[in-house]
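Q: Please look over this entry with me. I want to test each label against its definition.

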Amino acid sequence: MNSNVETFNGMKVQDLVLISILSASLTAGKLALSFVPNVEVVSLLFMVYTVALGVKRTLLISVIFATTEIFLYGFSTWVLGYYLIWPILILATGVLKGKVKSEYGFAIISGIFGLSFGFFFAVFESFFYGIAYGMAYWARGIPLDILHGASNYIIAIILFNPLVKIFSSQLKQYYIR
Amino acid sequence: MNKKILSIIGVIAAVIILGALYNTYLGPSGVEGEKEVSLQVIVDKENINEEFTFQTDHEFFGELLEEEQETLKLSYDEHSTLGMMITGALGYEVDSSSEYFHILVNGEDAEYGASGIPLIDGDEYVLELRGFGEMDDPDEGEEAEDKEVTFRVTIEKENIAEEFTFQTEQEYLSQLIEEEGETLEAEYEDTDFGLSITEILGYELDASTEYLHILVNGEDAETGVSGIEMIDGDEYELELRSFAPMDDEEDEGEVSDTMEVTFIVTIDTEDIAEEFTFQTEQAYVSEMIEDEAEVLELEYEMTDFGMSITEILGYEMNSDGEYLHILVNGEDAETGLSGIEIKDGDIYELQRRDF
């Protein structure tokens, strides 16, 4: 079977397979580090996928990832937030892709993203439970946000370049454009 | 590589500084030294309500709970992502899918979990078993507020105009009417559109021709009683109104047209049997005989059941043993005088009868 056959909206079978596998890799990555509060590789992987694979495919990956979260943890307001926050990171990475050359730039984006993670959810939860709840939610989580931002920066500064390099070379080898 | 390591060290240093700043300025802070605090454990459904007084040197509530674990027969999950999570107290284990131990500090909801609440000398802590529904109900506070509202009922055709002042903690007008059902002599039914009043102050509504119009602070209400949220000081008025005839304009004309009816009064014990012919534009018999009160030598009173004649043609009714039986065109009337609609050519008869 020719993997180049167009299937849906101009997407190839290999795209469908790749998107599924990469979504699974995100869920696996999240679960593997779930025992350490707010230390995660999901942000890093989304940035790597965006740089190597492009915004459109990575956005689809984020939708599947967020939906998988519902299957794992049940439906709640924070899961809805996932449908927004990861696309924001992907779009931000997509915009900066051409402008930022070094891993420092991406590490800083990842760090800022981690720092503002709690704030984003506080705003999001405020729509459901009121501003007072949102403020309390944010204030309560500030130490975790600091940890999230710092760990995101450190993980990205160490792993961003090697992962982009490996991922891009693998794509070149196996992915038919 | 050195540059990277330096930046990582810089970030770690920043985390330490920011963490310290948070703990100093934003985080909960404990007080050292001996404190006396009280703790009440409430599990309503098991009739558990016990109070303890503890002397402690600990700085946080969570630490006190750990220390007094045996006394309180406490179980908890120390490693939950939200900090210390109390899973049982005084032998009662929570069903974590539907309930939790709510913490109150000096009567107010705690702002942090047990591990984040600083112990302060003299503070009163409460662990109260609650369902999740109670936690998220934003209206809970409002419901508990005491409101004073004025409630008026006007049924003009029965000369009913009563005003009540109610103190209530209810949220909606329909709930108040249910609560005060006895005072208001209210009968109602729950419909798809909310509460529908069928009887009030003894007056039974004829749903086909009339309704209770609702006014809130003198203005037409936009919803039914079940949709009206009460605010302290509000004035509510229920006013009996008739439906305006929609299509049948001719009928409307007839109502205001002069009608001619025959009115017979028979008092057998006094050999009174008089027949009158009245021209009237009134809609109901009660209204007509009010107009003709002088001719009929009429005395009456308005009761919860409508007009009640106490004297007619000089004959005083003995309300204990007799009554005026009403006939419409020779047939027993189905309602009182206030409920009989006048039709041109009708014959109305009042007969004295013994109970």
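Q: How do you know that the span of α3(A) agrees with its number of residues?
A: The expected span is 1.5 Å times one less than the number of residues. With 19 residues, α3(A) should span 27 Å, and its end C-alpha atoms are 27 Å apart, so the two agree. A helix here is a DSSP run of H or I with at least four residues, a strand is an E run of at least two, and both are numbered from the N terminus. This is a predicted model: local features need pLDDT of at least 70, side-chain atom pairs count only at pLDDT 80 or more, and totals for chains, interfaces and linings use all residues. Residues are numbered from 1 along each chain as its sequence is written, chains are lettered from A and ligands numbered from 1 in the order in which they are written.

Q: Which residues of α3(A) are called buried?
A: T58(A), I61(A), S62(A), F65(A) and A66(A). Buried means that 20 or more other C-beta atoms, placed from the backbone, lie within 10 Å of the residue's own.

Q: What puts these buried residues on the same side of α3(A)?
A: Their arc, taken from the directions from the helix axis to the C-beta atoms. They cover only 135 degrees around the axis, which means they share one side of α3(A). They pack against α1 (13-32), α2 and α4 (77-96) of chain A.

Q: Which residues of α2(A) and α3(A) meet?
A: Contact requires C-beta atoms, placed from the backbone, within 7 Å. F46(A), Y49(A), T50(A) and L53(A) in α2(A) meet V55(A), R57(A), T58(A), I61(A) and S62(A) in α3(A). By class, the contact has 5 nonpolar, 3 polar and 1 charged residues. Nonpolar covers Ala, Val, Leu, Ile, Met, Phe, Trp, Tyr, Cys and Pro; charged covers Asp, Glu, Lys and Arg; the others, Gly among them, are polar.

Q: What makes β14(B) and β15(B) a pair?
A: Pairing needs at least two bridges found by DSSP. β14(B) and β15(B) have 2, in the antiparallel sense, so they qualify. L215(B) stands opposite D220(B) in β15(B). In their hairpin, with 2 residues between the strands, N217(B) takes a positive phi near 50 degrees.

Q: Why are β10 and β15 of chain B called edge strands?
A: Each pairs on one side only. The open sheet has 5 strands in the order β10-β9-β16-β14-β15 (chain B), with mixed pairing. Strand β9 (residues 147-155) and strand β16 (residues 235-242) of chain B pair in the parallel sense over 5 bridges. Strand β14 (residues 210-216) of chain B and β16(B) are antiparallel over 7 bridges.

Definitions and conventions: Two residues are in contact if their C-beta atoms, placed from the backbone, lie within 7 Å. A residue is buried if 20 or more other C-beta atoms lie within 10 Å of its own, exposed if 12 or fewer, and partly exposed in between; C-beta atoms are placed from the backbone.
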